[in-house]
Amino acid sequence: MASSTARAAPKTAAAGLDAFAEAWDSFFAAIRQARGRAAQAHGELTLSQHHLLSALAEDRELRIGELALAAGVAPPTATRMLDSLERGGIVKRMSSPDDRRAVTVRLTAKGCRLLEDKRRLVAAKRRALYESLTPSERKQAQHLLSRLAELIAEL
């Protein structure tokens, strides 16, 4: 009897891991789809652009490397994104007053407006998601999201 229990435990653990992996994949697929839908909206910032530009809020000016670090992207990725944003009049690049070799980035007035619009939209969608959960689910979600963030930071 003990041997059948011992054999069942690994199968149950494997099934649990499979179910977790499926939920994980579904969650990130939903995020990618949401990003894709946001990218299709005209006259708005994409979620990726929003994340990149959030560090520039509050009238800040940052070097491209600092901006990339704050957004969690590689500097070449940030540079490519900034190329497009600069063409759209959303950011302005300037030589750093501290180091002529460095380039700093600042939001334009248009960029400030678009970033604020995107922040309001993201906040509204987050609120709608929150309100769609039961009080118990809200508590569970908060706990799980916090715990997953801790664990992922340790990887």
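Two residues are in contact when heavy atoms of theirs lie within 4.5 Å. The legends below use the word in that way. The model shown is predicted.

**Figure 1. The whole protein holds six helices and three strands.** From the N terminus on, the elements run α-α-β-α-α-β-β-α-α. The protein has 155 residues, and 20% of them are buried. Now take the contacts between residues at least 6 apart in sequence: 49% of these join residues at least 24 apart.

**Figure 2. Gln49 sits in helix H2 and touches four residues from other parts of the sequence.** Those partners are Glu44, Met81, Ser84 and Leu85, once residues up to four places away in sequence are set aside. Is Gln49 buried or exposed? Gln49 counts as buried, because its relative accessibility is 14% and the cut-off for buried is under 20%. Leu115 is a useful landmark here. Gln49 and Leu115 are 66 residues apart in sequence, yet their C-alpha atoms are 8.9 Å apart in space.

**Figure 3. His50 is another residue of helix H2.** His50 has a relative accessible area of 10%, so His50 is buried. Which residues does His50 contact, leaving aside neighbours within four places in sequence? They are Leu45, Leu115, Lys118, Arg119 and Val122. Val122 deserves a look of its own. Val122 is placed in helix H5. Along the chain, Val122 and His50 are 72 residues apart. In space, their C-alpha atoms are separated by 9.6 Å. Seen from Val122, the touching residues are Leu47 and His50, again not counting residues up to four places away in sequence.

**Figure 4. Helix H2 crosses helix H5.** H2 covers residues 47-54, and H5 covers residues 109-131. At what angle do the axes of H2 and H5 cross? The angle is roughly 115 degrees, and the axes come within 10 Å. The crossing is left-handed. On the H2 side, the residues in the contact are Leu47, His50, Leu53 and Ser54. On the H5 side, they are Leu115, Lys118, Arg119 and Val122. Sorted by type, the residues of this contact are four nonpolar, two polar and two charged.

**Figure 5. Gly72 lies in a loop between two helices.** The helices are H3 (64-71) and H4 (75-87). Gly72 counts as exposed, because its relative accessibility is 66% and the cut-off for exposed is over 50%. His51 comes 21 residues away along the chain. The C-alpha atoms of Gly72 and His51 are 8.6 Å apart.

**Figure 6. Phe20 and Trp24 form an aromatic pair in helix H1.** The whole structure has three aromatic pairs. Phe20 and Trp24 make one of them, with 5.9 Å from centre to centre and 35 degrees between the planes. This pair is tilted. Why do Phe20 and Trp24 sit about one helical turn apart? Because they are four residues apart in helix H1, which spans residues 2-40. Phe20 is partly exposed, with 45% relative accessibility. Trp24 is partly exposed too, at 32% relative accessibility.

**Figure 7. Trp24 also pairs with Phe28.** The ring centres of Trp24 and Phe28 are 4.8 Å apart. Their planes stand at 50 degrees, so this pair is tilted. Trp24 and Phe28 are four residues apart in H1, so about one helical turn separates them. Phe28 has a relative accessible area of 31% and is partly exposed. Ring pairs link up into a cluster made of Phe20, Trp24, Phe27 and Phe28.

**Figure 8. Arg138 lies over the face of Tyr130.** How far is Arg138 from the ring centre of Tyr130? The distance is 4.3 Å.

Note on methods:
Residues numbered from 1 in each chain as written. Predicted model: local features only at pLDDT ≥ 70, side-chain atom pairs only at ≥ 80, totals over all residues. Heavy atoms only, no water. Phe/Tyr/Trp six-rings, centres within 6.5 Å; stacked < 30°, edge-to-face > 60°. Buried < 20%, exposed > 50% of the residue type's maximum accessible area, 1.4 Å probe, protein only. Lys NZ or Arg CZ within 6 Å of the ring centre and 35° of its normal. Axes fitted to C-alpha atoms, helices over the stretch in contact; angles between N-to-C directions. Left-handed = near helix turned anticlockwise from the far one by under 90°. Nonpolar A, V, L, I, M, F, W, Y, C, P; charged D, E, K, R; others polar.
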